[in-house]
Amino acid sequence: MVIHLEYVSLSDCVGVIPLRTNIGIVCHNDSCVIIDTGLDEKAGKHIFKTAQELGLKIKAIVNTHSHSDHYGGNVFLKGKTDALVYAPSREALVIENPWLEPLWFSCGASVFEGLRNKFLMAEACKVDVPITKGRFEIEGISLEAVPLPGHSIGMTGVLSNRTLFCGDALFGEEIIEKHKVLYLHDPDEARKSLNKLLEVDCEFIVPSHGTAVKAQDIQRCVEVNVNAIDSFDSVIIKSLTGSMGVEELTSRALTAVGLTLDDLTKMMLMRSTVLAHVTCLARRGLIKVSVGQAESSLVNRIVCSPV
Ligand SMILES: [Zn+2]
């Protein structure tokens, strides 16, 4: 692993630009494919400059999923190059229509002003080529789309030259320690995707947040991620001491893990994560979701209850 100031080379033709979101580069001769583009135009400029310094022409962008810190540099890079944008078909909808993202968190209601920000909405970008699963080739560069849903509905990793860029299917251990709770769309799907990582024949897995994981460390890193998901399941079950609404359950669960949130975006992300865990726990018959009275109120609401 050769580390320059702003580029980590994993092999002759694969490397990472370690921004707030890791950016993957896979090259062949003087052409390259960029995997994810960071949060915004600033990230796009950084990627463009780094590719120039490496003597590479950006021929394509592959987005792993539609969270803004993964496609925010698309528009800048498309404007500067003739790159085509590839993205998972189930994620392309949001990349092309970013206003949908805060709409999910507002349950379809007109969106709170506090949710109209660049962390939930990057600049809209047309997706030229939807990807699903399997091999594809760009300018002589062989790539494989590896579906890894769970963190988001259609997240897809990109495998090339024995390196898997796995998006947010896996987080670095230091990231888990810092944030305590992983944002998830579906914890059960996320566990399956983590286990799938163990079957991929590769030398490195590069999470979007954290450092590249060598083959011999993948199992340990996967275990840390699975443990974090299991542990938040347990926190929710323990927090549910009686019938309670989702807001109260969220507040109890966050208190239990020592998280104090004062930001609307982070609060909505955590509320959604608690709901995702509730859905999976209810699917497994471990808790119940119904319309009824919470212990603290006589007014009917959506309540979660122990079974
Ligand atoms: Zn994400």
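In the predicted model, 15 residues of domain 1 are in contact with 12 residues of domain 2. The side of domain 1 that touches domain 2 carries 9 nonpolar residues. Another 3 residues on that side are polar, and 3 are charged. The protein chain is divided so that domain 1 spans 2-230 and domain 2 spans 240-306. Between the C-alpha centres of the two domains the distance is 30 Å.

Two residues of domain 1 were examined for their backbone angles. Strand E11 (156-160) and strand E12 (163-165) are joined by a loop that holds Asn161. Arg162 is found in the loop between E11 and E12 as well. Phi of Asn161 is near 50°. This is a positive value, in a residue other than glycine. For Arg162, phi is near 60°. Here too the value is positive and the residue is not glycine.

The surroundings of these loop residues were then considered. Asn161 has 18 other C-beta atoms within 10 Å. A residue counts as buried with 20 or more such atoms and as exposed with 12 or fewer. Asn161 is therefore partly exposed. Arg162 has 14 other C-beta atoms within 10 Å. By the cut-offs of 20 or more for buried and 12 or fewer for exposed, Arg162 is therefore partly exposed. In the loop between E11 and E12, Asn161 thus joins a positive phi to a partly exposed setting. Arg162 likewise pairs a positive phi with partial exposure.

Note on methods
Residues are numbered from 1 along each chain as its sequence is written. This is a predicted model: local features need pLDDT of at least 70, side-chain atom pairs count only at pLDDT 80 or more; totals for chains, interfaces and linings use all residues. Domain bounds come from an automatic or database domain assignment. Two residues are in contact if their C-beta atoms, placed from the backbone, lie within 7 Å. Ala, Val, Leu, Ile, Met, Phe, Trp, Tyr, Cys and Pro count as nonpolar, Asp, Glu, Lys and Arg as charged, and the others, Gly among them, as polar. Helices (H or I, at least four residues) and strands (E, at least two) are DSSP runs, numbered from the N terminus.
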